[in-house]
Amino acid sequence: MADTEVQQDVARLGPWFHNLDLNGVRTAPDHFLGDYPTDKFRRFADLLPADLTGRSVLDIGCNAGFYSLEMKRRGAARVVGIDSDDRYLAQARFAADTLGVTGIEFRNLSIYDVAALGERFDLVIFMGVLYHLRHPLLALDLIREHVAADLMLFQTLTRGPDSVAEVAPDYDFADDAHFQDPSYPRIAFVERAWASDWTNWWVPNRAGVEALLRASGFVIEDGPRDEVYLCRIGPVPYAQHGPVTVYPARAPEGDAAR
Ligand SMILES: C[S@@+](CC[C@H](N)C(=O)[O-])C[C@H]1O[C@@H](n2cnc3c(N)ncnc32)[C@H](O)[C@@H]1O
């Protein structure tokens, strides 16, 4: 495809959040975060295995497919990118086509419906989505319960101190000191908008992120690096008391697969 054709299609499919290089045509050259996510990825890329040959990858909230494309380049045998926004999925399909990358399945599926995939993946990528969700812990529980087979690459917007309080196994009912401690796990609730975006709901501190990951059955193996963690599945706390996640494994509308 000639550059001008690519340029026209990029404009037609925009605005873009991922600044991809489509054979010399940049999709979001004026991104407020710079060359995003290329610059960010450079800062934590070594957290992931360099060679994913034969592995399967699920990219949740794939947007225009930057991470799906990268994982395919690392040799992944199966890559599925899901997003709830058809506009971003159209961008992802167009980017893969333009770059001649085949074999990535992009589909419209909400994080809350991942059970409908009926499959576990060696690597789940869950980057930049958690704070957009009204039910963040449910999302992590669903990933752990239905789709994570081994590793999860995770990132969420984080604010507050970098210090992490040691959390005791239990506290007395009258004890309030830990709630006053800024290093205790916290998640700020954004009732209105944040950064001009009403889809931002929750902003955890570092202790809060790490507590959420542990509480949903993930062990932090590495990170944070620029807010990014590499996690591995581990035991789900309190699982002996019964299932933590109660949510129907709903298939997307029009999809007969359940
Ligand atoms: C900030 S972007 C992050 C994109 C990419 N993962 C990254 O880190 O660059 C958030 C993405 O999550 C998608 N998203 C938001 N809510 C979702 C949901 N409930 N299920 C699936 N995707 C969702 C949005 O459409 C958007 O593409």
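Biologist: Which residue of strand E4 stands opposite Asp59?

Modeller: The residue opposite Asp59 is Gly81, in E4. This structure is a predicted model, in which local features need pLDDT of at least 70 and side-chain atom pairs count only at pLDDT 80 or more, whereas totals for chains, interfaces and linings use all residues. Residues are numbered from 1 along each chain as its sequence is written.

Biologist: What makes strand E3 and E4 a pair?

Modeller: Strands pair if DSSP finds at least two bridges between them. E3 (residues 56-60) and E4 have five bridges, in the parallel sense, so they meet that condition. E4 is also joined to strand E5 (residues 104-108) by five bridges, and these two strands run parallel. Within that second pairing, Asp83 stands opposite Asn108 in E5.

Biologist: How does the chain cross from E4 to E5, and what is the handedness of this crossover?

Modeller: The chain passes through helix H4 (residues 86-99), and this β-α-β crossover is right-handed. The term applies if, with the strands pointing away from the viewer, the path from the first strand over the helix to the second runs clockwise. E3, helix H3 (residues 66-73) and E4 also make a right-handed β-α-β unit.

Biologist: Why is Leu130 called buried?

Modeller: A residue is buried if 20 or more other C-beta atoms, placed from the backbone, lie within 10 Å of its own, exposed if 12 or fewer, and partly exposed in between. Leu130 has 26 such atoms within 10 Å, and therefore it is buried. Leu130 is found in the loop between strand E6 (121-127) and helix H5.

Biologist: What does Leu130 contact, leaving aside its neighbours within four places in sequence?

Modeller: Leu130 is in contact (C-beta atoms, placed from the backbone, within 7 Å) with Pro136, Ala139 and Thr156. Leu130 and Thr156 are 26 residues apart in sequence, and their C-alpha atoms are 5.9 Å apart in space.

Biologist: Are Asn23 and Asp226 buried, exposed or partly exposed?

Modeller: Asn23 has 12 other C-beta atoms within 10 Å, so it is exposed. Asp226 has 14 within 10 Å, and therefore it is partly exposed. Asn23 is found in the loop between E1 and E2, and Asp226 in the loop between E10 and E11. Neither residue is a glycine, yet phi is positive, at about 50° for Asn23 and about 55° for Asp226.

Biologist: How many residues of E4 are buried?

Modeller: Five of the six residues of E4 (residues 78-83) are buried, and the strand is mostly covered. In helix H7 (residues 206-215), the buried residues are Ala207, Gly208, Val209, Glu210, Leu212 and Leu213. Over the protein, 36% of the 258 residues count as buried.

Biologist: Why is the protein described as being as compact as a globular protein of that length?

Modeller: The radius of gyration, taken over C-alpha atoms, is set against the globule rule, 2.2 Å times the number of residues to the power 0.38. The protein has a value of 19 Å, close to the 18 Å that the rule gives for 258 residues, so the description applies. Seven helices and eleven strands make up its count of such elements (DSSP runs of H or I with at least four residues, and of E with at least two, numbered from the N terminus).

How values were computed: Two residues are in contact if their C-beta atoms, placed from the backbone, lie within 7 Å.
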